[in-house]
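Pull up the model and have the sequence handy. We'll start with a single strand, work through its neighbours, and then step back to the whole chain.

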Amino acid sequence: MNERDEYALVIPAYNEAATIRKVVLAALRHLGRVIVVDDGSSDGTSEQVSDLPVTLLHHPENLGKAASLFNGMQTALQLGAKGVVTMDADGQHDPADIPRLLMAADAHPDRLVIGSRLWNREVIPIARYRANRFANFWIAWASGQTVEDSQSGFRVYPAQLFRHCRFKPSRERSFVFESEIIIEAARHGFLCAFVPVQTTYPENARLSHFRPVKDIARITRMVAWRLFIRGFFLPGLWRSLSRNQSLKLGKY
């Protein structure tokens, strides 16, 4: 089994007909197993990739990004993947960066590898940039490590992480999942490694489903509860500020 088949890519998609085909075609150049999760789309998203060599999952109604990721990940693990790559369907992630993330994952199999976008702040909408930076501080504290980009959906999850972490995704907490899994992974010894990646926002892409105020508020509530039940986890705050826990892998 070569690297193309050792990993599986999960792409959650909700009303992504304008961009999904281009994203999948580019991803197939780097990975042989691609799982598209159509989360109750009404714009013909599935039809755009139905003729491509992908595993296509359908939700009869919109369940949210968390459920799409979770269900896609479970399918990837059932296929025997040693790691699960995730990326968004709106074209903001460049599939050409997949090999760099996989190199980092192979070199650090005990790390959650995240494609970091915030280094290139000029291309990121200002409200989203500020919301991400705000979330980074709290998630870094709760996970006890420096966090460069807590909201990036471009990641590689080691399969063994899912043997330790348990989640119950819900539509209301759709964008909380990717933040919570950083904290939960760190609690079980899986810290983050960050690889700088390119980010673009195609003109034909639909408006982001991420709502900076409401979703960051939900993420902050989740983090506050986790800090509360751990007595505010002051060692985590210290480690998050010491910059010696996470890995920045710019060489890949």
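How many of the five residues of strand E5 (residues 112-116) are buried? What you have here is a predicted model, and in it five of the five residues of E5 are buried, so the strand is mostly covered, given that buried means under 20% relative accessible area.

It helps to take that strand one face at a time. In a regular strand the side chains alternate between the two faces of the sheet. For E5, one side carries Leu112, Ile114 and Ser116, and the other carries Val113 and Gly115. Residues on both of these faces are buried, so both faces of E5 count as covered under the 20% cut-off.

Now look along the edges of E5. Which strand pairs with E5 in the parallel sense? That partner is strand E7 (residues 192-196), and the pairing runs over five bridges. To find the register, pick Ile114 in E5 and look across to Phe194 in E7, which stands opposite. E5 also pairs with strand E6 (residues 155-158), this time in the antiparallel sense and over two bridges. Here Val113 is a handy marker, since Val156 in E6 stands opposite Val113.

Next, the cysteines. A disulfide is a covalent bond between the sulfur atoms of two cysteines. How many disulfides does the protein have, if the sulfur atoms must lie within 2.5 Å? The count comes to zero. As for exposure, Cys165 is buried, with a relative accessible area of 4%, and Cys192 is buried too, at 0%.

Then there's an arginine worth a click. Arg33 sits in the loop between helix H2 (20-27) and strand E2 (34-39). Is Arg33 buried or exposed? With a relative accessibility of 16%, Arg33 falls under the 20% cut-off and therefore counts as buried. Check what its side chain meets there: a polar atom of the Arg33 side chain lies 2.7 Å from the backbone oxygen of Leu79.

Finally, zoom out. The protein has nine helices and eight strands, and 54% of its 252 residues are buried. Among the contacts with a separation of 6 or more, 80% come from residues 24 or more positions apart. On the outside, the protein exposes about 11,500 Å², with carbon and sulfur atoms supplying 54% of that area.

How values were computed: Residues are numbered from 1 along each chain as its sequence is written. This is a predicted model: local features need pLDDT of at least 70, side-chain atom pairs count only at pLDDT 80 or more; totals for chains, interfaces and linings use all residues. Side-chain values use heavy atoms; hydrogens and water are left out. Buried means under 20% relative accessible area, exposed over 50%, partly exposed in between (1.4 Å probe, protein chains only). Helices (H or I, at least four residues) and strands (E, at least two) are DSSP runs, numbered from the N terminus. Two strands pair if DSSP finds at least two bridges between them. A disulfide is a pair of cysteine sulfur atoms within 2.5 Å. A polar contact is a pair of N or O atoms within 3.5 Å; within protein, one must be able to donate a hydrogen and the other to accept it, and residues adjacent in sequence count only if both atoms are side-chain atoms. Contact means heavy atoms within 4.5 Å. Accessible areas come from the Shrake-Rupley method with a 1.4 Å probe; for residues, only the protein chains shown count as cover.
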